[in-house]
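Q: Could we go through the cysteines and then the strands of this model? Please keep the answers plain.

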Amino acid sequence: MEQKGGKRLTKRQVADAIQGLFQAHPGEALTYRQIFKTLKLTTHPAKMLAVDVMDEMAWDDYLSKVDNTTYRLNLKTQVQEGTFIRKANGKNSFLPDDGGKPIFVSERNSKWAMGGDRVRVALMARRQNHIKEAIVTDILERKHNLAVGILQVEKDFAFLITEGNIFAQDILIPKKKLKGGKTGEKAVVRITQWPSMESKNLVGEVVDVLGKQGDNNAEMHAILAQYDLPYKYPQRVEDAANKISGDIGPEEIARREDFRQVTTFTIDPADAKDFDDALSIRPVGGASLYEVGVHIADVTHYVTEGSIIDREAQQRATSVYLVDRTIPMLPERLCNYICSLRPDEEKLCYSVIFVLDAEANIKRWHLAHTVIKSNRRYAYEEVQKILEGNDGDYAEELRLLDRMAKKLRERRMEGGAVKFDREELHFDVDEDGKPLRCYFKKSTDATQLIEEFMLLANRTVAESVGTQHASKTFVYRIHDQPDPQKLETLRTALAPLGYRVKVSGTRGAISRGLNKLISQAEGRREQKMVEMLTLRTMMKAKYSTHNIGHYGLAFDYYTHFTSPIRRFPDMMAHRLLTRYQEGARSANQEHYEELCEHSSDMEQTAANAERDSIKYKMVEFMADKVGQEFDAHISGVQSYGIYCEIDENHCEGLVGMHDLDGDYYEFDERNYQLVGRRHHRTYQLGDAVRIKVAQADVERRQLTFLLAD
């Protein structure tokens, strides 16, 4: 290790070498002799420098002194259990079970843990000016043992190059375990041998060959496989679904409330096939009263608890929406045909029937199993044109529902709901999945009409259980209050721009303050920055049997009841509501809480897969635009550079720190900016910039930008 030419090692070099050595042998006591030999410290000055460094490390509690000439890494500080998060950039982390902040885990200290594995770690005593680190000491439970990547087949062996090179080495594959895979093909590989003292190799076998790198189907399936999400539907489940009859007999109709003669329609995206909700409306009882039915596909009538279809739906927990396809929770025969509320077909529903006045005040309501017959299937765009004054079928009914929805929304906002009209990124793709256009879909009156009535139904049924059957197990959609620390960060970040943010007080006061903040920033240069920072204060919504209310919606009780075709929690809610309507005792809370946790996890996994498919299509869309310049704004600031979002098409790329010329930039995390040390130039979240597309790496799903001159 000692340098040639008589140059002495610096103290920093020796410290780094000693740190690396002890981290590589976390449980071992190492003597001076072993340390000098391993690090090849042969001269007396180098050895004395190493002794001094180890003395300082012991003083900092980084090392423990066993005797006068022996040290070991200090692991006595704390042992924790939690989840390992593997990152392609090597910045792996450990998420403790107690909900604490992520802790950095270097690759050499990861013990080959995979993303999602349950692990036990030892927290290392922190050296001065070093970040907090952990060492994986035990892998308690493997989340999965599959890896996705590109095959490289040689004469005598083959290996898999993993997505983003997430491992320090490739996975060896015996030739007889290739399953016909060829060089350049995407494949899913099961790891059969993990590195050990006997062998340092990762060994695996091909489970599935997905297709050639760059082929759209292969790439989409690779994204799903990467998250351990299914990309095929099991044939045995399809077969079970094909045996289900969609016929509705007179006995079943007699058991239900009959809405077949009531004006009913569905409103969905233009390309939707799984219509799981419908609205009906008719005047009742005079005095400007209207019966509005929120009709939801009665999925659990067809999918019996514990059946093969139910078990598959429970495992999937949600449909997954990638850019160019939907991976349904239920077999196609159920989600697109039998359960889908298609026009001019009799369908079974579970319905919340409201009697409302013209101001959308609830006079009475009830929950019922029904049979409906939709008169019309609308796309959102058709309804929007009618609401804007165009003629169309059931225009009067649609406009009345729109007026009611606006009243509901107005009261919701007055009650303290947070105003986040999120824009969703969409792509128009051709028959081969190639992206032709990239744009944001904004919320319209038509989408808000449906949203408000679905919110009303979800809230009403949750409230009925929570207030009348408080001791009974139910599935709630919960959303906690913003993290006070994040609110304080928001306040300090926006204060220099003249914004005042309320960070204390009642729940309603804080949310109204956030709404006021968003409104004040509208149309100003920093609008996107304010919206992003405000959104980051929010906690994630999840499912639980323990109700704490829904902060973002300002509801004391809320559930998901209105989308059972695509969400398993809605199926759970249907079953529990039916159970309690029939007078049965409370369901097992522990069982349902486990299902809630699984559903929350799968919802997040599906969102990650969707985000990766968007990234892939984003890079593919920009691949022929390398060298072109665009107006953009800074959408993210990190210690390694700035993320910029193109204003025209909303594609996002990174300008690396090394490409910010003319100064040395320091990361001001508190104020979301980079600041030049010499010239004090700042790059802040929300700033307008001009960028040039430098690289579009489809395989890594990364866009690289440069700042244009």
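**Cysteines and sheet**

A: Certainly. This is a predicted model. One cysteine to begin with is Cys-335, which counts as buried at 4% relative accessibility.

Q: How many disulfides are there in the whole structure?
A: A search of the whole structure gives 0 disulfides.

Q: Why does Cys-335 have no bond?
A: The closest cysteine sulfur, that of Cys-339, lies 8.4 Å from the sulfur of Cys-335, which is too far for a bond.

Q: And Cys-651, what is its closest cysteine sulfur?
A: That sulfur is in Cys-438, 4.0 Å from the sulfur of Cys-651. A disulfide requires the two sulfur atoms to be within 2.5 Å, so this distance is too far for a bond.

Q: Is Cys-651 buried or exposed?
A: Cys-651 counts as buried, because its relative accessibility is 0%.

Q: Changing topic: in what order do the strands of the open sheet run?
A: The order is β1-β3-β2, with antiparallel pairing among these 3 strands. The edge strands, each pairing on one side only, are β1 (29-31) and β2 (63-67). From one strand to the next, the twist averages 35°.

Q: How many bridges link β2 and β3?
A: There are 4 bridges, in the antiparallel sense, between β2 and β3 (residues 70-73). For instance, Leu-63 has Leu-73 in β3 as its bridge partner.

Q: Which strands does helix α1 lie across?
A: Helix α1 (residues 11-24) lies across β1, β2 and β3, at about 70° to β3.

Q: What about helix α3?
A: Helix α3 (residues 44-59) lies across β2 and β3 and runs at about 110° to β2.

Notes. Residues numbered from 1 in each chain as written. Predicted model: local features only at pLDDT ≥ 70, side-chain atom pairs only at ≥ 80, totals over all residues. Heavy atoms only, no water. Buried < 20%, exposed > 50% of the residue type's maximum accessible area, 1.4 Å probe, protein only. Pairing = 2+ DSSP bridges. Helix = DSSP H or I, 4+ residues; strand = E, 2+ residues; numbered from the N terminus. Axes fitted to C-alpha atoms, helices over the stretch in contact; angles between N-to-C directions. Contact = heavy atoms within 4.5 Å.
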